[in-house]
Every structure is written in structure tokens, then in C-alpha cells.
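Here is a short report on one protein chain. Keep the structure in view as you read.

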Amino acid sequence: MKSTVEHLSPTRVRINVEVPFDELKPDFDRAYKKIAQQVRIPGFRPGKAPARILEARIGRGPVLDEVVNAAIPVKYQEAVVTSEDVKPIGRPDIEVTEIADGERIAFTAEVDIRPEITLPDLDGLTVEVDETEVTEDEVTEQLDQLRARFGTLAGVERPAQSGDYVQIDLSAAVDGKEIEEATTTGFSYEVGQGGLIDGIDEALEGMSADEEKTFTSKLVAGEHADSDAEITVKVTTVKERHLPDADDEFAQLASEFDTLDELTENLRERLGRSKRMEQAAQARDRLLDKLVEDTEVPLPESVVAAEVETRTHDAVHAFDHDEDKFGEFLSSQDKTREQFDTETREEAEKAVRYRLVLDTLADREEISVGDQELTERIVYQAQQYGMAPEQFVQQIQQAGQLGVIYQDVRRSKALITAVRAASVTLPGGEAVDLSDLLGPDEDETTVEEIPATDDVSSEETAETVGSTEDGAEGTAEETAGKADAKA
């Protein structure tokens, strides 16, 4: 087999392949055997008709078609493997250019590839993170939240105010007709918490038990979504929350500590640890932003297009793929479909750019992933989905997503390696040591130790990854789903 590579752009190549017929004998044998099972020829049992009899009966064309269709994917992969500088990240567009029976077949494959990316030196990068000082107000807030968990409710003979708990009956009517699904009784609600119905908190404040009030609000769900409705709310009880005193007795009730001072100090330490984790996440996110900002990253169009398609599909899927309902939702957000498409395209390009930078970084730093690390990530994600690890593994294997998780872990480790090598400072220039969170070296890094960012999580990935040890990535990222851009 002969193959040559033409670089059409920094992100796309054309691979020209020519295969002599003497290399196709195993393919012909398989083709004859397969066709013989499908064609009934008098005098021969299924699968036993000789090749010459088959060709006499059905012609040479179907045999050649079967051989070509079976051989091309294999020969394409061989051409990729032997071309060390070609790392496909999309589905190839294949065109058969010649079938010279008895001599050769030739085809071309155009495919997007991982571009050559030059990254800056990590030890020359500096990122700034926030201070981690814990204030007394923050400790007090934590203590008050803990006290609230042990609080009690007591009825009061006064109008409701923010923070009170009320029991209410609700009903709604549109054009004078009551909406059954919007009716409820005996509903407990904290005044001021929001998220129930627009205007409900303003209506409840100042109402006493057995009082009723009607106000106008827009429904957000159901058959009458976006319709103005007359909402009637009746208060049946008003209760205020009483918090236990912050003293040693409460510390013993709410924790393993004997004194309030010990409990307070523990809350302060927990807040400090939490802030340091946030600081590490800041360093990671800001360093990745800086890496991408300082790096020219050509974008493979097919990968971006697949990312856009996946994101759009996910958005419309929430509305049962009803474009009209999706359009109504966008209108409620004061957004047009054109604006949504533009934003989705920008987000897709950003996600692909982050992945390419991290993959290049992982290659340069020779990042590997051990079985234990892969298992830890699988267990972690299974917990996120509330599934047993065995069930989760079975599902991702069926979906062909195990390689995606491998890539997520590898990218995470590459980014942590970058944070370890870069300079991390406070606003005043003081250096920050994050080694206790990152691990002393690459082999001991715990990839889940730092919280994931909110930009494309690994559980949302829909890539198909086909990496091999000899450098060819097959159809890596051919569906280019929501890969972990910052994990």
C-alpha cells in the first residue's frame, strides 16, 4: 500500500491511498464467504458455492463493492498510523478515485486533524489568585447556618415578614378560568426565599393568618406558560424561626466539640480549607485562560460544527425537540434564535480551543493515566449520577465513552502539571504554595482534588475517542461533544 499526505490547511489534510489487489486477497475471501451465505444457488449448501459460481450468478460488481467497503476503513487507519504527523479528530470524507479490477484500488480521505500548536513555557507564566483570609462575619454566617438547622418554628400572632414560615393555599386563574395544576393547599413557604411565583414575597409580607390576597403574575410552565394569571394566596399560619443560643450547650448538640470556641475554630478552619480549594481552582482556570490567550489555536471546522450541533441538540432536547417551544423560551429570555446560535458557536469554539491546548500540553509533558486514576474518575462520576460504578461502566462502554473519560483525566493532569510549574501569586505579589493540593509530582496528583469548573464538564462529553499508543487518534472527537474544557 502507498499513501501520501497533502496539507490543505493547518487543520485539514488529504490522504491519498493506493492499494494493490494482491493485498486484498483476505478481503476477497471474506467477501465471497459473506455473499455465499446470502445467495441461494441450486446444488450448493449456503456458504459453500465457489467464487467463480458466485460471480457467474451475481456478477463481479457486488463482490468488488463488498471488498472496497470493507477494505477502505482498514487501509485508511493504516495510512493514518504510518503518517506520524497526522492526528485525525473528525470523520474522514472518503472518495474512491479508482477501481482497476485485478490491479489496484485508490481513494482519498479528507479529514480534520489536530493542528500543530506552540505553547509558551510554563515556568514563565504567572497567575494571580484571591486572598484566602477568613473574616469573622463569614464565621458568624456559618455558625448561624448551623444554628438554623437546629432551629424551631413557633406560631406568631402578627403579620408575616421576611424569614417567617407561612402555610398557604394557592390558586391561579387565566381569563377567569381556574388552572387546576396551579392550585395547591397547605404549602409551607419561607417568605423572601424567592423562586416560587413572581410577586409572591411582596404579597405575603404584611399578611396575617386567615388573610387572602390576589395579585397578577406570569405563569412560567404548563399549558398557560407566559400567560398573565390572577394568583390568589391565603395564609393559614405564620411561624417564626427561633435559633438556639450560640453557647457550649449548642456546640455539644450540633458537633463533636465541647465548647463554642472549639466549634467556632473548626468552622474557621473549614472555611479556610474551602477558600484554599477555591484558590487552587482559580489558579487552574486562570492559567488555562492565559495559556489559550497566549497561544494561536487553529480550529478544525468539523469539530466545531459537531460541538455546535451537540450543544444545540441538548438545548432543544429539554423542550422535546419542539422548535416552537424552544423559540418561546428564548423570547422569555429576551433572546433571538440568531443570538442563541451566535453564542453557541462562540462557546463551541472556546471548548474546542481549550481541548486542543490541553491535549497538546498533555503530549508535551508526556502525561499518562494509570488504571487506578481512571477507576477513581469512573467511581467519582458514577457517584455524581447516583449510579453503581458497575452500571455506569456498562453504560459508558456501550456508548463508546470510556476513551472520553480517559482523555478527561489526562487533560486534568496536564492542567495540574501546568499549575505546579507556573508562578501563582496574591494581588500583592506574594507567592502562593499549592503543592499540598496539587500533589508533589505528576504521579501523585489526585485529579478530583480540585473542584471542576462550570464550563463543560466531563459527564457531558459526547466525543468518540480512538487513541492508539503509536500516535494515531483515529476518529478522536469526531462527534466532539461537550468535552471537559477546564477539568
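Accessible areas come from the Shrake-Rupley method with a 1.4 Å probe, and for residues only the protein chains shown count as cover. By that method the chain exposes about 26,200 Å². Carbon and sulfur atoms supply 45% of this area.

This is a predicted model, in which local features need pLDDT of at least 70, side-chain atom pairs count only at pLDDT 80 or more, and totals for chains, interfaces and linings use all residues. Residues are numbered from 1 along each chain as its sequence is written, and side-chain values use heavy atoms, with hydrogens and water left out.

## The whole chain

The chain holds 14 helices and 12 strands. Both are DSSP runs numbered from the N terminus: helices are H or I with at least four residues, and strands are E with at least two. The chain has 487 residues, and 40% of them are buried. Buried means under 20% relative accessible area, exposed means over 50%, and partly exposed lies in between (1.4 Å probe, protein chains only).

Now take contacts, meaning heavy atoms within 4.5 Å. Of the contacts with a separation of 6 or more, 69% join residues 24 or more positions apart.

## A covered helix

Helix H13 spans residues 402-421. From its first C-alpha to its last, H13 reaches 29 Å, close to the 28 Å expected at 1.5 Å a residue. The expected span is 1.5 Å times one less than the number of residues. H13 is mostly covered, with 15 of its 20 residues buried.

## The largest pocket

A pocket is found on a 1 Å grid over the protein atoms alone: it is an open set of points where a 1.4 Å probe fits, with protein on both sides within 12 Å along at least five of seven lines. Lining residues have an atom within 4 Å of a point. Grid points are joined across faces, edges and corners, and a volume is the space filled by probe spheres set on the points.

How much space lies in the largest pocket? About 410 Å³. Its lining has 21 residues. Nearest the centre lie Ala-182, Leu-196, Ile-197, Leu-219 and Val-220. Strands S7 (165-174) and S9 (184-190) each supply at least two lining residues. S7 gives the largest share, three residues.

The lining divides into 11 nonpolar, six polar and four charged residues. Here Ala, Val, Leu, Ile, Met, Phe, Trp, Tyr, Cys and Pro count as nonpolar, Asp, Glu, Lys and Arg as charged, and the others, Gly among them, as polar.

## Four residues to find

| Residue | Location | Relative accessible area |
|---|---|---|
| Lys-290 | helix H7 (residues 260-293) | 28%, partly exposed |
| Arg-353 | helix H10 (residues 337-364) | 25%, partly exposed |
| Asp-175 | loop between S7 and strand S8 (177-178) | 80%, exposed |
| Asp-334 | loop between helix H9 (323-332) and H10 | 70%, exposed |

Start with Lys-290. Lys-290 and Pro-120 are 170 residues apart in sequence, yet 9.9 Å apart in space, C-alpha to C-alpha. Leaving aside neighbours within four places in sequence, Lys-290 is in contact with Leu-125, Thr-126 and Val-127.

Next comes Arg-353. Its C-alpha lies 9.2 Å from that of Val-304, 49 residues away along the chain. Beyond neighbours within four places in sequence, Arg-353 is in contact with Val-292, Val-297 and Leu-299.

Finally, look at backbone angles. Most residues other than glycine have a negative phi. Asp-175 has a positive phi of about 55 degrees, although it is not a glycine. Asp-334 also has a positive phi of about 55 degrees, and it is not a glycine either.
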